[in-house]
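Biologist: I would like to learn how to read a structural model, one feature at a time. Could you take me through some examples, giving the general idea before the particular case?

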Amino acid sequence: MTANLPQPLADYFSAKNRHDIDAMLVPFSSDATVKDEGQTHRGSAAIRSWIEETTRKYRVTVEVADVTVNGDRWRIAGIVSGNFPGSPATLHYVFTLADDRITRLEIGA
């Protein structure tokens, strides 16, 4: 279903499923913010650290199940499988895009 996503999101999920840390970082703006697991990560260095840590810890893949768009906000329901209790689980990814870059990402249940 990633074909229905804008390129930055399709690229992000494709890289995530390959566990390609460098490619996961590419769609983010340099001053982007990520909120996940109760923590906020701002800027490229912090987001890279988050990507490295979560990839190493969980080794997840995501199957996009549903997409909702509201202006520049994309809400993706993903079936997430990996190294965590309750896998697979549905998580929601809320992306904000600007100038073909991810400027904000919030991940939650």
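Modeller: What follows is a walk through salt bridges, the core, a pocket and a few single residues, and please keep in mind throughout that this is a predicted model.

Biologist: Let me begin with charged residues; how many salt bridges does the structure hold?

Modeller: The general idea is that side chains of opposite charge can pair when their charged atoms come close. In this structure there are 4 salt bridges. One of them joins aspartate 22 and arginine 48, with 2.8 Å from N to O. Aspartate 22 sits in helix 2 (residues 21–25) and arginine 48 in helix 3 (residues 43–58), so this pair ties together parts that are 26 residues apart in sequence.

Biologist: Which residues make up the network of salt bridges?

Modeller: The linked residues are Asp22, Arg48 and Glu52. As for the surroundings of the first two, aspartate 22 is partly exposed at 49% relative accessibility, and arginine 48 is also partly exposed, at 28%.

Biologist: What are the distances in the salt bridges of aspartate 20 and glutamate 106?

Modeller: Aspartate 20 pairs with arginine 18, and the closest N and O atoms are 3.4 Å apart. Aspartate 20 has a relative accessibility of 27% and counts as partly exposed, while arginine 18, with a relative accessible area of 47%, is partly exposed too. Glutamate 106 meets arginine 104 in a salt bridge of 3.0 Å, N to O. Here glutamate 106 is partly exposed, with a relative accessible area of 31%, and arginine 104 counts as partly exposed at 27%.

Biologist: Turning to the interior, which residues of the largest nonpolar core touch the most other members?

Modeller: To read a core, one asks which members hold many contacts and which elements supply them. The largest nonpolar core has 28 residues, and those touching the most other members are Tyr12, Phe13, Phe28, Ile76, Tyr93, Phe95 and Leu105. Two or more residues come from each of helix 1 (7–18), helix 2, strand 1 (28–36), helix 3, strand 3 (61–70), strand 4, strand 5 and strand 6 (101–108). Helix 1 gives the most to this core, contributing 5 residues.

Biologist: And how should I read a pocket; what space lies in the largest one?

Modeller: For a pocket, one looks at the volume and then at the residues that form the lining. The largest pocket holds about 270 Å³ of space. It is lined by 17 residues, of which Asp36, Tyr58, Val60, Val80 and Leu91 are the closest to its centre. Helix 3 and strand 5 are the elements that give two or more residues to the lining, and helix 3 gives the most, with 4 residues.

Biologist: Let me now try a single residue: is histidine 92 buried or exposed?

Modeller: The relative accessible area is what decides this, and buried means under 20%. Histidine 92 has a value of 18%, so this residue is buried. Its place is in strand 5 (residues 89–98), and a polar atom of the histidine 92 side chain lies 3.3 Å from the backbone oxygen of alanine 109. Leaving aside neighbours within four places in sequence, histidine 92 is in contact with Arg75, Ile76, Ala77, Glu106, Ile107, Gly108 and Ala109. Among these contacts is Glu106, and glutamate 106 is the partner of arginine 104 in the salt bridge discussed above.

Biologist: Where does phenylalanine 84 lie, and which residues does it touch?

Modeller: Phenylalanine 84 is in the loop between strand 4 (73–81) and strand 5. Not counting residues up to four places away in sequence, phenylalanine 84 touches Tyr58, Val60 and Ala89. Tyr58 and Val60 are also among the lining residues closest to the centre of the largest pocket.

Biologist: Finally, how should I compare separation along the chain with separation in space?

Modeller: One sets the number of residues beside the distance between C-alpha atoms. Phenylalanine 84 and asparagine 70 are 14 residues apart along the chain, and their C-alpha atoms are separated by 31 Å. For arginine 101 and threonine 90, 11 residues apart along the chain, the C-alpha separation is 24 Å. Arginine 101 lies in strand 6 and, leaving aside neighbours within four places in sequence, is in contact with Pro8, Val26, Pro27, Phe28, Ser29 and Thr96.

Key. Residues are numbered from 1 along each chain as its sequence is written. This is a predicted model: local features need pLDDT of at least 70, side-chain atom pairs count only at pLDDT 80 or more; totals for chains, interfaces and linings use all residues. Side-chain values use heavy atoms; hydrogens and water are left out. Buried means under 20% relative accessible area, exposed over 50%, partly exposed in between (1.4 Å probe, protein chains only). A polar contact is a pair of N or O atoms within 3.5 Å; within protein, one must be able to donate a hydrogen and the other to accept it, and residues adjacent in sequence count only if both atoms are side-chain atoms. Contact means heavy atoms within 4.5 Å. A salt bridge is a side-chain nitrogen of Lys or Arg within 4 Å of a carboxyl oxygen of Asp or Glu. A nonpolar core is a set of buried Ala, Val, Leu, Ile, Met, Phe, Trp, Tyr and Cys residues joined through side-chain atoms within 4.5 Å. On a 1 Å grid over the protein atoms alone, a cavity is a set of points where a 1.4 Å probe fits but cannot get out, and a pocket is an open set with protein on both sides within 12 Å along at least five of seven lines; lining residues have an atom within 4 Å of a point. Grid points are joined across faces, edges and corners, and a volume is the space filled by probe spheres set on the points.
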